[in-house]
Amino acid sequence: MKTTYLFFCLIAGGLVFSLRANAEILEAVEDATIRLNNPDINYGDETEIHAANFEGKKSLVYLKFDASKLNGKVTSVEGIEAYALPQRRPRNSQVFLLLDEKNGSSWTEDSINWDNAPGNNLSDQRLVKGEGLLLGHLEKAATDVASSVDISWSEEDADSAKEALIGALNQGDRVVTLVLVRPSDREAVYTSKENAAPAAHPVRILVETSE
């Protein structure tokens, strides 16, 4: 989806020029849950994705985005949204930008698992130290109805988090991996791109681009 804004500027000498800014939605092209208790099993075709962290049920969510499909370079990031499913005790999830330039985008949703996921700490619920940059966290879901939830950017430095994501979306092949982590007990559940329920949508990044 694209919305185009046209800005006009007047400079010395009366010259008028325009700059096109496009509001676009970048949806995950691949998404999958990986589970510690089933480390060699792939869950890439499920209609839900789960970030969980409690005894007997630990999982991460891997999300791949391809910014080469956009109509120009990313100039700003307005938000990250997920469609959260209702839970009796809703929880949020942390959003990390995977920094593994060599292998970060080499995974596919039909083959990724706990054992082969890039940047994954195989024995714990965290990414390998230095492999992930915390961007912020997705807000809690409602208790009684499914709804879109947005990111709350890192309290330490929201501007730096956005700049890092913009840089990754404009660099190289422009393919970026985000990872959802549940930092403590319980679980956060979202719809995947395979979910066809009304109003459901994959995790998506809201951006502005310039041509």
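The exercises below concern a predicted model of a protein.

**Exercise 1. The overall fold**

State how many helices and strands the protein has, and in which order they follow one another.

Solution. The secondary structure amounts to one helix and twelve strands. Along the sequence the pattern is β-β-β-β-β-β-β-β-β-α-β-β-β.

**Exercise 2. Burial, surface and contacts**

Describe the protein by its share of buried residues, its accessible surface and the sequence separation of its contacts.

Solution. Step one is burial: of the 211 residues, 47% are buried. Step two is the surface: the accessible area is about 10400 Å², and carbon and sulfur atoms account for 49% of it. Step three is separation: among contacts between residues at least 6 apart in sequence, 78% join residues at least 24 apart.

**Exercise 3. Leucine 70**

Locate leucine 70, decide whether it is buried or exposed, and list its contacts beyond its sequence neighbours.

Solution. Leucine 70 sits in the loop that runs between β5 (57-66) and β6 (73-84). Its relative accessibility is 10%. The limit for a buried residue is under 20%, so leucine 70 counts as buried. With neighbours within four places in sequence left aside, leucine 70 contacts Glu24, Leu26, Arg174, Val207 and Thr209. A further distance can be given for leucine 169, which lies 99 residues from leucine 70 along the chain: their C-alpha atoms are 10.0 Å apart.

**Exercise 4. Two residues with positive phi**

For arginine 174 and alanine 199, give phi, the position in the chain and the exposure class.

Solution. Begin with arginine 174, one of the contacts of leucine 70. Arginine 174 lies in the loop between α1 (158-170) and β10 (175-181). Its phi is near 65 degrees, a positive value in a residue other than glycine. Arginine 174 has 10% relative accessibility and is therefore classed as buried.

Alanine 199 belongs to the loop between β11 (187-191) and β12 (204-210). Phi of alanine 199 is near 75 degrees, again positive in a residue other than glycine. The relative accessible area of alanine 199 is 58%; the limit for an exposed residue is over 50%, so alanine 199 is exposed.

**Exercise 5. A charged patch**

Name the residues in the patch of negative charge on the surface, then place and classify aspartate 159.

Solution. The patch brings together Glu155, Glu156, Asp157, Asp159 and Glu163. Aspartate 159 is located in helix α1. Because its relative accessibility is 53%, aspartate 159 counts as exposed.

Key
Residues numbered from 1 in each chain as written. Predicted model: local features only at pLDDT ≥ 70, side-chain atom pairs only at ≥ 80, totals over all residues. Heavy atoms only, no water. Helix = DSSP H or I, 4+ residues; strand = E, 2+ residues; numbered from the N terminus. Buried < 20%, exposed > 50% of the residue type's maximum accessible area, 1.4 Å probe, protein only. Contact = heavy atoms within 4.5 Å. Areas by Shrake-Rupley, 256 points an atom, 1.4 Å probe, with all protein chains shown as cover. Patch = residues over 30% accessible without salt bridge, like charges linked within 9 Å, V, L, I, M, F, W, Y side chains within 5 Å. Salt bridge = Lys/Arg side-chain N within 4 Å of Asp/Glu carboxyl O. Lys, Arg positive; Asp, Glu negative; His and termini not counted. Charge placed at Lys NZ, Arg CZ, Asp CG, Glu CD.
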